[in-house]
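The following note was prepared for a colleague who wishes to read the fold with the sequence at hand. Its points are numbered so that each may be checked in turn.

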Amino acid sequence: MATLITGASSGIGEEFAYRYAAQKHDLILVARTESKLETLAKKLRTEYGVTVTVFPCDLAAPDAAERLWEETNHAGLEVDVLVNNAGFGTQRDVADDDPDRLEQEVRLNCLAVVGLTARYLPAMRERRSGTIINIASAAAFQPMPHMAVYAATKAFVLSFTEALWAETRKDGIRVLAVCPGSTDTPFFDSGEGVVVGKLRSTRQLLDNTMRALKTNKPSFVDGLGNAIVARFAVRIVPKRIILAATERVFRIK
């Protein structure tokens, strides 16, 4: 059995790789850049003595999920833990952005999550064991002007994952949506996105994720301040005020 992690070459995905390697899981690492994956794989093999298989793949391609599933099956790799982490965000008004880029954002953030989950889930159900972790965002809880597509994709991931949690509760499968706030990853290096609140580390996020996996909750928001805003403030404050506030925060300068 192995743990498959998408977007594994840096940030949250890399932290997941180290966590599961430390638990002696064999790993399947997926990202676009083969050199980064090979460098990480070498470190993990040396430090933890686990088997690490690398699959360079752009999951924004329309047939990527099918090809990855076929390749892992052909290699005889059984996936017991699936971490759908790959994703990206854009910070521009929809009218000013590149339509192709926005469509790639939806394909990677949403379609790849569904495509991989739907392909690896049946074998988990047959074995009556498995874990699916989907990385959503604190942005999933409210519309975000200037990052409209990103927030919408993460709302999709959250809704999809929580529904999947209910569908699989009696199948022996643990499903969890992880909703980070601003986290210290290369996400912000591209100039997309705004740091809101205190920047949290990937270590903090993974500590909370591992704790959440031991519970029966379908999702969690990382960081107390983020959780208060996402779970309570957006339900109490009128929508127009939320929209006005987020518009100011994410307005392109």
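**Notes on the central sheet and its surroundings**

1. Asn134 has Ala177 of strand S6 standing opposite. The model in which this pair appears is a predicted one. The two strands concerned, S5 and S6, pair in the parallel sense over 6 bridges. Between S5 and S6 the chain passes through helix H5, and this β-α-β crossover is right-handed.

2. The pair belongs to a wider arrangement. An open sheet is formed by 7 strands in the order S3-S2-S1-S4-S5-S6-S7, with parallel pairing. S3 (52–56) and S7 stand at the edges and have a single partner strand each, so one side of each is left without a neighbour in the sheet. From one strand to the next, the twist averages 15°. As general background, the strands of a sheet pair through backbone hydrogen bonds, either parallel or antiparallel.

3. Is strand S6 enclosed by the rest of the structure or open to its surroundings? Of its 7 residues, 7 are buried, so S6 is largely enclosed by the rest of the structure. Ile173, Val175, Ala177 and Cys179 point one way from the strand, whereas Arg174, Leu176 and Val178 point the other way, and all of them are buried. In a regular strand, side chains alternate between the two faces of the sheet. The reader may wish to note that Arg174 is among the buried residues of S6.

4. On its other pairing, S6 joins S7 in the parallel sense over 3 bridges. Here Cys179 stands opposite Val221 in S7.

5. Strand S4 (residues 79–84) pairs with S5, again in the parallel sense, over 4 bridges. Within this pairing, Val81 is opposite Thr131 of S5. Helix H5 (residues 148–168) packs on the sheet and touches S5, S6 and S7; its direction makes about 160° with that of S6.

6. Towards the S3 edge, strand S2 (residues 26–31) runs parallel to S3 and is joined to it by 5 bridges. Val30 stands opposite Phe55 in S3. The chain reaches S3 from S2 by way of helix H2 (residues 34–48), in a β-α-β crossover that is right-handed.

7. Helix H6 also deserves attention. H6 lies across S5, S6 and S7 and runs at about 145° to S6. At 1.5 Å a residue, the 12 residues of H6 (residues 202–213) should span 16 Å, and because the end C-alpha atoms are 16 Å apart, the model agrees with that expectation. The buried residues of H6 are Thr202, Leu205, Leu206, Asn208, Thr209, Met210, Ala212 and Leu213. Their cover includes helix H1 (11–22), strand S5 (130–135), strand S6 (173–179) and strand S7 (219–221). An α-helix has 3.6 residues a turn, so residues three or four places apart point the same way.

8. Which residues does Asn85 touch, leaving aside those up to four places away in sequence? They are Thr6, Gly7, Ile12, Gly13 and Ile135. Asn85 lies in the loop between S4 and helix H4 (99–127). With a relative accessibility of 12%, below the 20% limit, Asn85 counts as buried. Its side chain reaches the backbone oxygen of Gly7 at 3.0 Å.

9. Two loop residues merit a check of backbone geometry. Arg128, in the loop between H4 and S5, has a positive phi of about 60° although it is not a glycine. His146, in the loop between S5 and H5, likewise has a positive phi, near 80°, and is a residue other than glycine. As to exposure, Arg128 is partly exposed at 48% relative accessibility, whereas His146 is buried with a relative accessible area of 12%.

10. A final point concerns a pair separated in sequence. Ala244, which is placed in helix H8 (residues 239–250), is 100 residues from Met144 in sequence, while their C-alpha atoms are 9.5 Å apart in space. Ala244 is partly exposed, its relative accessible area being 34%.

Notes:
Residues numbered from 1 in each chain as written. Predicted model: local features only at pLDDT ≥ 70, side-chain atom pairs only at ≥ 80, totals over all residues. Heavy atoms only, no water. Expected span 1.5 Å × (residues − 1). Buried < 20%, exposed > 50% of the residue type's maximum accessible area, 1.4 Å probe, protein only. Contact = heavy atoms within 4.5 Å. Pairing = 2+ DSSP bridges. Axes fitted to C-alpha atoms, helices over the stretch in contact; angles between N-to-C directions. Polar contact = N/O pair within 3.5 Å; in protein donor to acceptor, adjacent residues only side chain to side chain. Right-handed = clockwise from strand over helix to strand, strands pointing away.
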